[in-house]
Amino acid sequence: MGKVMAVNISEKRGTQKVNVHTAKLIENYGLEKDAHAGNWHRQVSLLSFEKIEEFKAKGAPVQDGAFGENLIVQGFDFKTLPVGTRLKCNEVILEITQIGKQCHNGCEIFQIMGDCIMPREGVFARVIHGGVISEGDEMDYA
C-alpha cells in the first residue's frame with residue numbers, strides 16, 4: 001500500500017507541474033486542467049517518493065512536479081510493476097500503460113545533474129475510473 005504525497009498539474013505544456021494538493025481525475029482523460037491529459041495512453045504520470053528523495057540526496061534541486069509527474073506516491077517502486085497493473089485510490093482506478101520514457105534533450109534536471117530519473121523510474125497510466133485524489137490518500141492494487 002502507498003500514500004499520495006503530491007498531486008501535480010501544469011495548465012500549459014512546456015511549463016513545470018505544480019502541486020495543487022487535490023485533483024479530479026477524469027475517465028479516459030487524466031487530471032482535470034492538466035495540459036498533458038487527453039485520449040491517449042499517458043494520461044497520468046506517477047513517480048515514487050522514495051526515488052525522488054534518493055535523487056534529492058545527490059544534491060538535485062527539485063520540487064514537486066519537477067520531473068513532469070502528476071502523482072508522487074510513497075510505498076511503490078513503480079518501475080517494477082508490469083504494464084497492465086491496476087492501482088486504486090479512493091474511487092479512482094489507474095492502469096499502468098508504459099514504464100519509463102525518453103527524456104527530451106532540453107530537460108533542465110539532466111542539464112543540471114547529468115541525470116534524470118523520470119526515464120527509468122516514472123510510469124504512465126490511463127484512468128479506468130475517475131474520481132478525486134488528494135495528498136494523504138492511500139493507494140493500493142486494484
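What follows is a short conversation about salt bridges in this predicted model.

Colleague: What makes the contact of Asp34 and Lys17 a salt bridge?

Modeller: A lysine side-chain nitrogen has to lie within 4 Å of a carboxyl oxygen of Asp or Glu. For Asp34 and Lys17 the N to O distance is 2.8 Å, so the pair qualifies. Asp34 sits in the loop between β4 (30-31) and β5 (44-48) and Lys17 in the loop between β1 (2-9) and β2 (18-19), so their bridge links parts 17 residues apart in sequence.

Colleague: Nice. Why is Asp34 called buried?

Modeller: Buried means under 20% relative accessible area. Asp34 has 3%, and its partner Lys17, with 4%, is buried too.

Colleague: How do you know whether Glu53 is buried, partly exposed or exposed?

Modeller: The middle class runs between the 20% and 50% cut-offs. Glu53 comes out at 33%, so it is partly exposed. Lys56, its salt-bridge partner with closest N and O atoms 3.5 Å apart, is also partly exposed, at 31%. Both belong to helix α1 (residues 49-57), 3 residues or about one helical turn apart.

Colleague: And what makes Glu121 and Lys79 a salt bridge?

Modeller: Their N to O distance of 3.5 Å is within the 4 Å limit, so the name fits. Glu121 lies in helix α3 (residues 118-121) and Lys79 in the loop between β6 (71-74) and β7 (86-89), so the pair ties together parts 42 residues apart in sequence. Through shared partners, salt bridges join Asp77, Lys79 and Glu121 into one network.

Colleague: How many salt bridges does the structure hold?

Modeller: There are 6.

Definitions and conventions:
Residues numbered from 1 in each chain as written. Predicted model: local features only at pLDDT ≥ 70, side-chain atom pairs only at ≥ 80, totals over all residues. Heavy atoms only, no water. Helix = DSSP H or I, 4+ residues; strand = E, 2+ residues; numbered from the N terminus. Buried < 20%, exposed > 50% of the residue type's maximum accessible area, 1.4 Å probe, protein only.
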